[in-house]
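Q: I'm new to this one. Can you walk me through the model?

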Amino acid sequence: MTAADLNESSCVIRGTNANRGRVAWLNPEKGAVRHLRYGRIILDAGGEPIQFSTEDQETGFVCLKGAATIRCLGRDFVLGKYDALYIPRGTQVAVAPGAAGCDLAETAAPVDNNFPAQFVRYSDVRNDPGLHFRTGGPGSMREINILLGKNIQAGRLVAGVTFSEPGNWTSWPPHEHAELLEEAYLYIDMPSPGWGMQFVYTNTTQPELAVAVREGDCVVMPRGYHPNVAAPGGSINFLWMMAAHREVKDRRFGVVNVQPEYAASGSGLETGRLVE
């Protein structure tokens, strides 16, 4: 991937919360990624379970709304809001909606290694200071929750949710990690009229990508600095999904290059740092 890939057609996917069923929104054929996949499973209450195989991809599920029961490897996992589940490659999966339906983000990446299924309760994440912490200063304060990070075994995947203070910047100071990981942000819990601006750039004076984002939009960061900011009065909230280039070796959350002008105070991600 090069800076030429930093444009709206290859990096921005609109309205990924609009379709029912299981929809694949991001893969190498649909966006500027090599390894990272993102899909959505939205099922109404009382709907039929859906079944599929993870094939050659390790897969992470994050419950965004409602609840779901995911059956795999002879076990049932019940996911509530922001609970997460990691499932290995080559696994048969059945997803059934809860009483209020379900909305799941599905992130995946092809891997050679096999790791066990691992269930992550959001309540446990929030009680772990290495996974749940506030960072930033005036104008950039936000809450970070690492769902699939140093708390699980995996080959490529890292994921979590970030919630900003109203009107604040996040991913600040601007950083990049293109040599290790590609990333996408999925904007969540930003009810209308909430919106924000997302930047992705290698040129610090003329950003290649600067777009308005709303709930359900997804922006890919194959390379470059990627700060964002909420419109006044609302928050910019997102599920971040990353896939390491080299399996296991590059799966390193918090190892970033901060834009040089802002590097003196660090990245703000040190608390959640994952180094294999």
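What follows is a short chat about the sheet, the empty spaces and a few backbone details.

Q: What am I looking at, and how are residues numbered?
A: This is a predicted model, where local features need pLDDT of at least 70, side-chain atom pairs count only at pLDDT 80 or more, and totals for chains, interfaces and linings use all residues. Residues are numbered from 1 along each chain as its sequence is written, and side-chain values use heavy atoms, with hydrogens and water left out.

Q: Start with the sheet. What is the order of the strands?
A: The open sheet has 7 strands, in the order β1-β18-β15-β20-β12-β11-β10. Their pairing is antiparallel. Strands here are DSSP runs of E, at least two residues, numbered from the N terminus. Two strands pair if DSSP finds at least two bridges between them.

Q: Which strands stand at the edges?
A: β1 (12-13) and β10 (132-135). Each has a single partner strand, so one side of each is left without a neighbour in the sheet.

Q: How many bridges join β11 to β12?
A: There are 6 bridges between β11 and β12 (residues 157-164), and the two run antiparallel. As one case, E143 has F163 in β12 as its bridge partner.

Q: Now the empty space. How many cavities are there?
A: The count is 2 cavities of 30 Å³ or more. On a 1 Å grid over the protein atoms alone, a cavity is a set of points where a 1.4 Å probe fits but cannot get out; a pocket is an open set with protein on both sides within 12 Å along at least five of seven lines. Lining residues have an atom within 4 Å of a point. Grid points are joined across faces, edges and corners, and a volume is the space filled by probe spheres set on the points.

Q: What is the volume of the largest cavity, and which residues lie nearest its centre?
A: Its volume is about 170 Å³. The lining has 19 residues, and H175, E183, Y185, F253 and L269 lie nearest the centre. β11 (142-148), β15 (181-187) and β20 (237-244) are the elements that give two or more residues to this lining.

Q: What classes are those lining residues?
A: In the largest cavity, 10 are nonpolar, 6 polar and 3 charged. Ala, Val, Leu, Ile, Met, Phe, Trp, Tyr, Cys and Pro count as nonpolar, Asp, Glu, Lys and Arg as charged, and the others, Gly among them, as polar.

Q: And the second largest cavity?
A: That one holds about 40 Å³ of space. R40, L64, K65, K81, Y82, I188, D189 and E215 line it. By class, 3 are nonpolar, none polar and 5 charged.

Q: You listed D189. What is its phi?
A: D189 has a positive phi of about 45° although it is not a glycine. D189 lies in the loop between β15 and β16. Its relative accessibility is 24%, so D189 counts as partly exposed (buried is under 20%, exposed over 50%, partly exposed in between, with a 1.4 Å probe and protein chains only).

Q: Where are the cis peptide bonds you can point to?
A: One runs from W172 to P173, with omega near 5°. P173 is in the loop between β13 (169-170) and β14 (175-176). Another runs from S192 to P193, with omega near 10°. P193 is in the loop between β15 and β16 (196-200).

Q: What about S171, buried or exposed?
A: S171 is buried, at 6% relative accessibility. S171 also has a positive phi of about 50°, although it is not a glycine.

Q: On to pockets. What is in the largest one?
A: The largest pocket has about 270 Å³ of space. It is lined by 15 residues, and R22, A24, R37, Q57 and E106 are the closest to its centre. β2 (21-26) gives the largest share of the lining, 4 residues.

Q: How many disulfides are there?
A: The count is 0, with a disulfide being a pair of cysteine sulfur atoms within 2.5 Å.

Q: Why no bond for C11 or C102?
A: The sulfur of C11 is 9.9 Å from the closest cysteine sulfur, in C218, which is too far for a bond. For C102 the closest is in C63, at 6.9 Å, also too far.
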